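Hi everyone, thanks for making time today. I'd like to walk you through a structure that is new to most of us, so please have a look at it with me.

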Amino acid sequence: MIGSRLTKKFLILDFWFLSCIPCIRDHKEVLSNLRILDEKNAEMVSISTDKDLEKWRNYVLKNRYVWRNYQQPGAATLTRDLSISTFPNYIILNSDNEVLSIIN
């Protein structure tokens with residue numbers, strides 16, 4: 001996923017789940033301001049921790065979230081390995097995949 005990124009200067013990893021009210025609020029804000037990401041030369045990739053694949057997929061499609069969205073595998077290895085326990089959680093990377101900021 002990260003290795004395929006070639007065109008943007010910044011990558012924002014967004015960790016979230018469906019029952020997280022602040023996560024949903026942030027996504028609505030992002031959706032209405034996608035041009036700001038382009039202006040800042042940034043791309044957002046959302047990674048859901050939801051276990052119900054169908055419910056997650058339906059939600060993303062229904063709300064027309066056009067940025068890349070992934071569902072973390074059931075083992076939760078990514079959030080565990082990154083010590084993510086609060087949501088929403090954002091990790092901002094530069095073009096060299098170095099962590100610039102972690103916001104939660």
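Let me start with a small puzzle: in which loop does Arg64 lie? Arg64 is found between α3 and β3. Keep in mind, as we go, that this is a predicted model. Arg64 is a nice place to begin, since its phi is positive, near 55°, and it is a residue other than glycine. With a relative accessibility of 64%, Arg64 counts as exposed.

Now let's step back and take in the whole chain. You can find four helices and five strands here, and starting from the N terminus they follow the order β-α-α-β-α-β-α-β-β. The chain is as compact as a globular protein of its length, because its radius of gyration is 13 Å, close to the 13 Å that the globule rule gives for 104 residues. If you prefer box dimensions, the C-alpha trace spans about 30 × 30 × 25 Å along its principal axes.

How much of the chain is buried? Of the 104 residues, 38% count as such. Turning to the surface, the accessible area is about 6400 Å², and carbon and sulfur atoms hold 56% of that. As for contacts with a separation of 6 or more, 64% of them join residues 24 or more positions apart. And for those of you who like charges, there are 14 positive and 12 negative ones, with mean positions 4 Å apart.

Next, please find β2, which covers residues 42-48. Seven of its seven residues are buried. Ala42, Met44, Ser46 and Ser48 point one way from the strand, while Glu43, Val45 and Ile47 point the other way. Which strands does β2 pair with? One partner is β1, residues 10-16, in the parallel sense over seven bridges, and there Phe15 stands opposite Ile47. Another is β3, residues 68-71, again in the parallel sense, over four bridges. In that pairing, Val45 has Arg68 as its bridge partner.

Let's look at what comes before and after β2. Asn41 sits in the loop between α2, residues 34-39, and β2. Asn41 is not a glycine, yet its phi is positive, about 60°. At 28% relative accessibility, Asn41 counts as partly exposed.

On the other side, Lys51 is in the loop that runs between β2 and α3. Is Lys51 buried or exposed? Lys51 is exposed, because its relative accessible area is 62%, and the cut-off for that label is over 50%. Leaving out residues up to four places away in sequence, Lys51 touches Gln71 and Gly74. Lys28 is 23 residues from Lys51 along the chain, and their C-alpha atoms are 22 Å apart.

Finally, let's move to the end of the chain. In the loop between α4, residues 77-81, and β4 you will find Pro88. The peptide bond from Phe87 to Pro88 is cis, with omega near -5°. After that come β4, residues 89-93, and β5, residues 99-103, which pair in the antiparallel sense over four bridges. Within this pair, Ile91 has Ile102 as its bridge partner. The hairpin has five residues between the strands, and in it Asn97 takes a positive phi near 60°.

That's my tour, and I'm happy to go back to any part of it. Thanks for listening!

Conventions
Residues numbered from 1 in each chain as written. Predicted model: local features only at pLDDT ≥ 70, side-chain atom pairs only at ≥ 80, totals over all residues. Heavy atoms only, no water. Helix = DSSP H or I, 4+ residues; strand = E, 2+ residues; numbered from the N terminus. Rg over C-alpha atoms; globule rule 2.2 N^0.38 Å. Buried < 20%, exposed > 50% of the residue type's maximum accessible area, 1.4 Å probe, protein only. Contact = heavy atoms within 4.5 Å. Areas by Shrake-Rupley, 256 points an atom, 1.4 Å probe, with all protein chains shown as cover. Lys, Arg positive; Asp, Glu negative; His and termini not counted. Charge placed at Lys NZ, Arg CZ, Asp CG, Glu CD. Pairing = 2+ DSSP bridges.
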